[in-house]
Amino acid sequence: MALQGPIPVTFGMVFPHGCYVVGEVEPVKDFDASTSGRFVQARDKQTRELVWQVSVMDADPTVKAAQKTVSVKILSPAQPVPPPPMPGLPFTPVEFDHVTATPYVNGSGRLAYSIKVREMHAPRTANKPVAKDAA
């Protein structure tokens, strides 16, 4: 089979309604290499880049409350910085580039996905035409 490892996807496929940063960007712990007194940051198995994670809230109104918050892993040599907050919004909107999804079976026996990205930035704005009344 030609499809192996992380599956390349678009941001819009994963978060069609967008998403918002709801946590800090933190290093991911390498549980095999770390000891009780020494923290070792995880590295991606394919790229060997440092792994960071940030919690985001999926803006899809149909997603159940228990599934709204998702942890996104970011592969980067330095700690990524979220975009600046937007005035009047309680959470910071964010987009990701170079997105992959890796399916796995979670502890409940359900299919889940590990989302990894390479870049985090403020949402791109598209100039969409405004519909005018026909009156």
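**Figure 1. Overall view of the chain.** From the N terminus on, the elements follow the order β-α-β-β-β-β-β-β-β-β. That makes one helix and nine strands. The model is predicted. Its pLDDT averages 90 over the chain, and 93% of the residues score at least 70. Along the principal axes, the C-alpha atoms fill a box of roughly 70 × 40 × 30 Å. The chain has 135 residues, of which 33% count as buried. Among contacts with a separation of 6 or more, 59% join residues 24 or more positions apart.

**Figure 2. Close-up of residues 127-135.** Throughout this stretch, pLDDT stays under 50. The model gives residues 127-135 zero contacts beyond four places in sequence.

**Figure 3. Close-up of Trp52 in strand 4.** Trp52 belongs to strand 4, which spans residues 51-58. Its relative accessible area is 7%, under the 20% cut-off, so Trp52 counts as buried. Beyond its neighbours within four places in sequence, Trp52 has a list of contact partners that runs through several parts of the chain. Val25, Glu26, Pro27 and Val28 are among them. So is Gln41. Val72, Lys73 and Ile74 also touch Trp52. Ser76, Ala78, Gln79 and Pro80 are in contact with Trp52 as well. A polar atom of the Trp52 side chain lies 2.9 Å from the backbone oxygen of Ser76. Ala78 is 26 residues away from Trp52 in sequence. In space, the C-alpha atoms of Trp52 and Ala78 are 8.9 Å apart.

**Figure 4. Close-up of Gln41 in its loop.** Gln41 sits in the loop between strand 3 (26-27) and strand 4 (51-58). With a relative accessible area of 17%, Gln41 is under the 20% cut-off and therefore counts as buried. Its side chain places a polar atom 2.9 Å from the backbone oxygen of Val51. Setting aside neighbours within four places in sequence, Gln41 is in contact with Pro27, Val28 and Asp30. Leu50, Val51 and Trp52 are also contacts of Gln41. The Trp52 view includes this pair too, with Gln41 listed as a partner of Trp52. Pro27 and Val28 likewise appear among the contacts of Trp52.

**Figure 5. Close-up of the largest pocket.** The volume of this pocket is about 570 Å³. Its lining has 20 residues, and those closest to the centre are Gln67, Val70, Ala112, Tyr113 and Ile115. Helix 1 (11-14) supplies at least two lining residues. So do strand 5 (69-75), strand 7 (99-105) and strand 8 (111-117). Strand 8 gives the largest share, five residues. By class, the lining holds 13 nonpolar, four polar and three charged residues.

**Figure 6. Close-up of the second largest pocket.** This pocket holds about 400 Å³ of space. Of its 15 lining residues, Arg43, Asp44, Lys45, Lys73 and Lys116 are the closest to the centre. The lining divides into eight charged, four nonpolar and three polar residues. Lys73 also appears in the Trp52 view, as one of the contacts of Trp52.

Terms used: Residues are numbered from 1 along each chain as its sequence is written. This is a predicted model: local features need pLDDT of at least 70, side-chain atom pairs count only at pLDDT 80 or more; totals for chains, interfaces and linings use all residues. Side-chain values use heavy atoms; hydrogens and water are left out. Helices (H or I, at least four residues) and strands (E, at least two) are DSSP runs, numbered from the N terminus. Buried means under 20% relative accessible area, exposed over 50%, partly exposed in between (1.4 Å probe, protein chains only). A polar contact is a pair of N or O atoms within 3.5 Å; within protein, one must be able to donate a hydrogen and the other to accept it, and residues adjacent in sequence count only if both atoms are side-chain atoms. Contact means heavy atoms within 4.5 Å. On a 1 Å grid over the protein atoms alone, a cavity is a set of points where a 1.4 Å probe fits but cannot get out, and a pocket is an open set with protein on both sides within 12 Å along at least five of seven lines; lining residues have an atom within 4 Å of a point. Grid points are joined across faces, edges and corners, and a volume is the space filled by probe spheres set on the points. Ala, Val, Leu, Ile, Met, Phe, Trp, Tyr, Cys and Pro count as nonpolar, Asp, Glu, Lys and Arg as charged, and the others, Gly among them, as polar. pLDDT is the predictor's confidence in each residue, from 0 to 100.
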